[in-house]
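Biologist: Before we call anything buried, bridged or in contact, I'd like to hear the reasoning behind each label. Can you show me the structure and walk me through it?

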Amino acid sequence: SSGKGMTVNGTLIANGTASSRIIFTSRESVPALGDWDRIYMHGTNNQLSYFDYLYAANSLRVDGSNWGTSTTTNTTIDNGYFANLGPEAYGIYMYYGGGETISNNNITVAGSNRAIYSNHSHNISITGNTINAEYGIEVNNATGIYIDSNSIEAEYYGIHYDQSNENGRGGKISNNTITGAIKNYGIYSQPNYAHGDTIINN
């Protein structure tokens, strides 16, 4: 019901299989967009695979923040299906973490929301996802990212990567397919002070 969700301060392990998926959804007999709040993971070594994330009001959030510093969460989100989310919901939202692996998810979000968003999460891997959104993947204030083999249908941009405020190694953006209206840009990269990015075969 509205306002209800799950906050995890330890480790969430939710691994389904291709034939037996885990479903996070509304409990209403006739579900509606935004029926329940979200899953908020504020811990490390979380694992979610082969699951459905449906009718949530907000994003599936991974948060490693600790009084303004980052914690490497090493969270894995794989083979998720995100649909029928509320009008304010991103798909996956990462904040002040690191080491996340986001792979093989199918994500549809509405309005001006991002399918996958990350801020201050370093050394993350975003691969093999299928995305339908106005804004596809946005990564800010991070280094050492790997964005590969995603299929993105977007209205405004496919991939936005800004590491201008960070020192460290650059990222690699490769083998992504970006289609749709693309009113702003397919790929945007703002390099950091030390190393640039590799953008190839998109």
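Modeller: Sure. Buried means under 20% relative accessible area, exposed means over 50%, and partly exposed is whatever falls in between. Keep in mind that this is a predicted model.

Biologist: Then why is E155 called partly exposed?

Modeller: E155 has a relative accessible area of 25%. Partly exposed is the class between under 20% and over 50%, so E155 with its 25% gets that label.

Biologist: And what makes K183 exposed rather than buried?

Modeller: K183 comes out at 51% relative accessibility, and the exposed class is over 50%, so K183 counts as exposed.

Biologist: How do you know that E155 and K183 form a salt bridge?

Modeller: The cut-off is 4 Å between a side-chain nitrogen of Lys or Arg and a carboxyl oxygen of Asp or Glu. The closest N and O atoms of E155 and K183 are 2.7 Å apart, so the pair qualifies. E155 sits in strand β15 and K183 in the loop between β17 (177-179) and β18 (185-190), so the bridge ties together parts 28 residues apart in sequence.

Biologist: How many salt bridges does the structure hold?

Modeller: Four. Another one of them joins the side chains of E138 and R114, at 2.8 Å from N to O. Here E138 belongs to strand β13 and R114 to strand β11, so parts 24 residues apart in sequence get tied together.

Biologist: Are E138 and R114 buried or exposed?

Modeller: Buried. E138 has a relative accessible area of 8%, and R114 has 17%. The limit for buried is under 20%.

Biologist: What makes R61 and D63 a salt bridge?

Modeller: Their side chains meet at 3.1 Å, N to O, and the limit is 4 Å, so they pass. Both R61 and D63 are buried.

Biologist: Next, N113. Why is N113 called buried?

Modeller: Its relative accessibility is 5%, and buried means under 20%, so the label follows. N113 is placed in the loop between β10 (106-108) and β11 (114-119).

Biologist: What does the side chain of N113 reach?

Modeller: The backbone oxygen of P87 at 2.8 Å, and the backbone oxygen of A89 at 3.4 Å. A polar contact has its N or O atoms within 3.5 Å, so the 3.4 Å pair still makes the cut. Leaving aside neighbours within four places in sequence, N113 is in contact with residues including E88, Y90, A133 and Y135.

Biologist: Which residues of the largest nonpolar core touch the most other members?

Modeller: Of its 41 residues, M41, Y53, L60, I77, F82, I137 and V139 do. Strands that each supply at least two residues of this core include β5 (47-54), β7 (76-83), β13 (130-140) and β15 (151-162). Beyond four places in sequence, the contacts of Y53 include F24, W36, L60, Y81 and F82.

Biologist: What makes the phi of N74 and N104 worth a look?

Modeller: Most residues other than glycine have a negative phi. N74 has a positive phi of about 50 degrees although it is not a glycine, and N104, also not a glycine, has a positive phi of about 60 degrees. N74 is in the loop between β6 and β7, while N104 is in the loop between β9 (101-103) and β10.

Biologist: Why is N74 called partly exposed?

Modeller: Its relative accessible area is 40%, which lies between the 20% and 50% limits, so N74 is partly exposed. N104 has a relative accessible area of 40% and is partly exposed too.

Conventions:
Residues are numbered from 1 along each chain as its sequence is written. This is a predicted model: local features need pLDDT of at least 70, side-chain atom pairs count only at pLDDT 80 or more; totals for chains, interfaces and linings use all residues. Side-chain values use heavy atoms; hydrogens and water are left out. Helices (H or I, at least four residues) and strands (E, at least two) are DSSP runs, numbered from the N terminus. Buried means under 20% relative accessible area, exposed over 50%, partly exposed in between (1.4 Å probe, protein chains only). A polar contact is a pair of N or O atoms within 3.5 Å; within protein, one must be able to donate a hydrogen and the other to accept it, and residues adjacent in sequence count only if both atoms are side-chain atoms. Contact means heavy atoms within 4.5 Å. A nonpolar core is a set of buried Ala, Val, Leu, Ile, Met, Phe, Trp, Tyr and Cys residues joined through side-chain atoms within 4.5 Å.
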